[in-house]
Amino acid sequence: MTDFPAWLAPHVPAPARHPGLAVAKLGSAQLYARGGFALISPAFNAGEALDPSFTAAEEDAVAPPLEWSAPPPGTQELVLMVEDASAKGAEPACHWLVWGLAGQRGKLLEGEVPPRTGKNALGNSEWLLPAPPEGETRHYLFQLFATDLPLVLMPGAGRAELLASLQGTITACAVLHATFTGGGEDDDADFEDDDF
């Protein structure tokens, strides 16, 4: 698959349209935001830059807080995948794989340890801190999937295993886009308006 799905394009800015994204492979126009299913963060609005406290720019950095609305009835579990949509190559770099989230409205607090995590692009089971080269802006896509079957994956499974286990089980999906620019101190705020 080389083309970005037309149904997803209006919800993802052009620089973040990597055809290998999980949502591009697993989602559809019928599943996107089904029943009002949505993903937000109290720490940033869609399209905004991540605070350095969620990136490699700060020593004690942690994963950002996330909140989601109720998924469609019958949802057994929620699965979160965060990928670097700016990555070159066939697959985007995976920053976080989370599953075992209850199939209902909920949230992950800032730095909270999720129920089950899989291997990120570096092969460990944590939030992979964004660390773009100086001056380079990367685009991160937070993707939340509702499934009608509980996952039987062991903690530490990889992205490919997770994608395979989700095939045919998705009841809804939602995305949240964020950016981060490597280098500079706190002058990133000046650049936000240029993105629109």
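Which side chain meets that of Lys25 in a salt bridge? In this predicted model, the partner is Glu91, with a nitrogen-to-oxygen distance of 3.2 Å. Lys25 belongs to helix α1 (residues 22–26), whereas Glu91 sits in the loop between β3 (77–84) and β4 (93–102), so their pairing ties together parts that are 66 residues apart in sequence. As for their surroundings, Lys25 is partly exposed, its relative accessible area being 35%. Glu91 is likewise partly exposed, at 38%.

Some background helps here: side chains of opposite charge can pair when their charged atoms come close. Searching the whole structure turns up five such salt bridges, and two more are described below.

One of them joins Glu83 and Arg159, whose closest N and O atoms lie 2.4 Å apart. Because Glu83 is part of strand β3 and Arg159 is part of helix α2 (residues 159–166), this pair ties together parts that are 76 residues apart in sequence. Both residues, Glu83 and Arg159, are buried. The two pairs introduced so far also belong together: Lys25, Glu83, Glu91 and Arg159 are linked in a network of salt bridges.

A further salt bridge connects Glu136 with Arg138. Here the closest N and O atoms are 2.6 Å apart. Glu136 is partly exposed, and its relative accessible area is 31%.

Key:
Residues numbered from 1 in each chain as written. Predicted model: local features only at pLDDT ≥ 70, side-chain atom pairs only at ≥ 80, totals over all residues. Heavy atoms only, no water. Salt bridge = Lys/Arg side-chain N within 4 Å of Asp/Glu carboxyl O. Helix = DSSP H or I, 4+ residues; strand = E, 2+ residues; numbered from the N terminus. Buried < 20%, exposed > 50% of the residue type's maximum accessible area, 1.4 Å probe, protein only.
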